[in-house]
Amino acid sequence: MEKWKGYMLASVVGAATLLAGCGSNSAENTNTSGTDSNAAATNANATNADSQEKFELRVSSGAAVEEAKAEQAAIDAFMKKYPNITVKYEPIPGDDATQKLLSSIAAGNAPDVFLIDSVLLPQFIDNNALLDLAPFTKTDAEFNKDVWFENVYNIGVRGDKLYEFPRGFTPMVVYYNKEVFDKAGVPYPKDNWTWQDFLDTSKKLTKDEDGDGKTDIYGMSADPYFYKSVPFVWQNGSDVLDKDGTTADGYLNSPATVEAWQMYTDLVKQQVSPTPSVKKAFGDLWFQSGKVAMQISGHWTLLGINDTVESGKFDISKLGVVGLPRNKERVSVMYEAGWGVASSTKHQEAAYKLAKFMSESVEGQKGRVESGLELSAVKSVQEEYAKDKPIEQVFVDEVQYARQPWGSIHPKWAEIETQIDKALEQVVVNGISVKEAMDSAVPKIDAIIKDE
């Protein structure tokens, strides 16, 4: 259940077009994220959360049933705190939630507060669709940014501006099937393990059980996707773009980047990892059934694993989780979603308080962590929940190493990532060298960046 993959790729298709009507050149643009934002915070509201005038705010998120219950709990607590405000909750379940949100913004019917995947932040910010929340924090005596994990909170920060409050997130980790390890007599991976440990363990777990010359059990699933493999590039002291995101040349095809992806993709070439087609043939339970011993994924994978536990198809005691291996540096990546305020809202201060409350309220956050999809961005809630839960504690421990993804920084990242994934696929499926694949991708990516 790789739900967060959608956050990184498909959800941004068409975003720039739909947001065009919200741009700074629009005569009807009401965004206050520019130089007048401080004045807006103090003067723009005829009604606010602390007044006695009754009014309504709309809040929206793409939410399944359990998630919607958590959101509603937060909304109910907010309305109790501010009885003059009625909050209308508009959940948008399904894969098209993002497109529906974008359409409502383009049509001038945006909800006051909405959940935004961090991969959409660059487009929303560039098109002035989000309200700068920083001025409101300066007059809010209850505001304390230390409530949240610092690196998670900073995803919504741009200089002295703030565009979202984090709701939930996940770092990437390694899941492993203890039963496969036990049968092979291989020790479980330990925290702070190295690339060499990772490679050695993967090879020791790979087995041809019937002696027919074909691999029956694979040590690792090295999926040819950027979002799973980029930590290895960072761990090798490299990156895929320059720090300003203006070119891939000398970065995507640098020796250090090539070395990192060579190590990763060699797992497939050496049949230590299944190809995508072989893994697909194993069926949905390829990990739980022991066909593949280890996989890199986020917290969302626990949802699918717990489903198989409840159906009696997997023993949860056989599940292990460990942080990613390290090389020159220890780095993971995190994927996040948070609450933003529409620049078009008529109730800026009240909407700010609702977004903050949705993000930090214990009422909503407890429900979220119990749903299993992600970690709470609120430190106290997540740390309390992780007590006496070894798997959850691994995720908490990994947060300090988690880096903000490129998707939350670069406005053209969806197109860029598509090119990188195609390059990785060429390596894994067609046997092209990593250097050749990345050299070929560089001019395509630079053309995207330069809009050629």
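This is a short talk on the cores, salt bridges, surface charge and a few loop residues of the structure shown above.

Please keep in mind from the start that what we are looking at is a predicted model.

Let me begin with the interior. The largest nonpolar core has 74 residues, and within that core the residues with the most contacts are Phe-124, Phe-165 and Tyr-175. The element that gives the most to this core is helix 15, which covers residues 348-360 and supplies 7 residues. Apart from that core there is another one, made of 59 residues, and if you would like some landmarks for finding it, they include Phe-226, Trp-413, Val-428 and Ile-448.

Now to the charged pairs. The structure holds 18 salt bridges, and I will go through some of them. In one, the side chain of Arg-58 meets that of Glu-90, with 2.9 Å from N to O. This pair links distant parts of the chain, since Arg-58 sits in strand 1, residues 55-61, while Glu-90 sits in strand 2, residues 85-91, and the two are 32 residues apart. Is Arg-58 buried or exposed? Arg-58 counts as buried, because its relative accessibility is 18% and the limit for buried is under 20%.

Arg-58 also brings us to a residue from much later in the sequence, namely Thr-345. The two are 287 residues apart in sequence, yet from C-alpha to C-alpha they are 9.5 Å apart in space. Thr-345 lies in the loop between strand 10, residues 332-341, and helix 15, and with a relative accessibility of 8% Thr-345 counts as buried as well.

A second salt bridge joins Asp-223 to Lys-279, and there the closest N and O atoms are 2.6 Å apart. Here too the pair links distant parts of the chain, with Asp-223 in the loop between helix 10 and helix 11, Lys-279 in helix 13, residues 276-282, and their positions 56 residues apart. Both Asp-223 and Lys-279 are buried.

For a contrast in setting, consider Lys-243 and Asp-244, whose side chains meet in a salt bridge at 3.5 Å, N to O. Lys-243 is exposed, with a relative accessible area of 74%, and Asp-244 is exposed too, at 56%. Beyond pairs, there is also a network of salt bridges that links Glu-71, Arg-167, Arg-368 and Glu-374.

Turning to the surface, which residues form a negative patch? They are Asp-208, Glu-209, Asp-210 and Asp-212. Asp-208 is placed in the loop between helix 10, residues 195-205, and helix 11, residues 226-235, and Asp-208 is partly exposed, with a relative accessible area of 33%.

Finally, a word on two backbone angles. Most residues other than glycine have a negative phi. Against that background, Asn-128 has a positive phi, near 55°. Asn-128 lies in the loop between helix 6, residues 121-126, and helix 7, residues 134-138, and at 14% relative accessibility Asn-128 counts as buried. Asn-192 likewise has a positive phi, of about 70°, although it is not a glycine. Asn-192 is found in the loop between helix 9, residues 178-184, and helix 10, and at 36% relative accessibility Asn-192 counts as partly exposed.

How values were computed: Residues are numbered from 1 along each chain as its sequence is written. This is a predicted model: local features need pLDDT of at least 70, side-chain atom pairs count only at pLDDT 80 or more; totals for chains, interfaces and linings use all residues. Side-chain values use heavy atoms; hydrogens and water are left out. Patches are made of residues with over 30% relative accessible area and no salt bridge: like charges are joined within 9 Å, nonpolar side chains (Val, Leu, Ile, Met, Phe, Trp, Tyr) within 5 Å. Accessible areas come from the Shrake-Rupley method with a 1.4 Å probe; for residues, only the protein chains shown count as cover. A salt bridge is a side-chain nitrogen of Lys or Arg within 4 Å of a carboxyl oxygen of Asp or Glu. Lys and Arg count as positive and Asp and Glu as negative; His and the chain ends are not counted. The place of a charge is taken as NZ of Lys, CZ of Arg, CG of Asp or CD of Glu. Helices (H or I, at least four residues) and strands (E, at least two) are DSSP runs, numbered from the N terminus. Buried means under 20% relative accessible area, exposed over 50%, partly exposed in between (1.4 Å probe, protein chains only). A nonpolar core is a set of buried Ala, Val, Leu, Ile, Met, Phe, Trp, Tyr and Cys residues joined through side-chain atoms within 4.5 Å.
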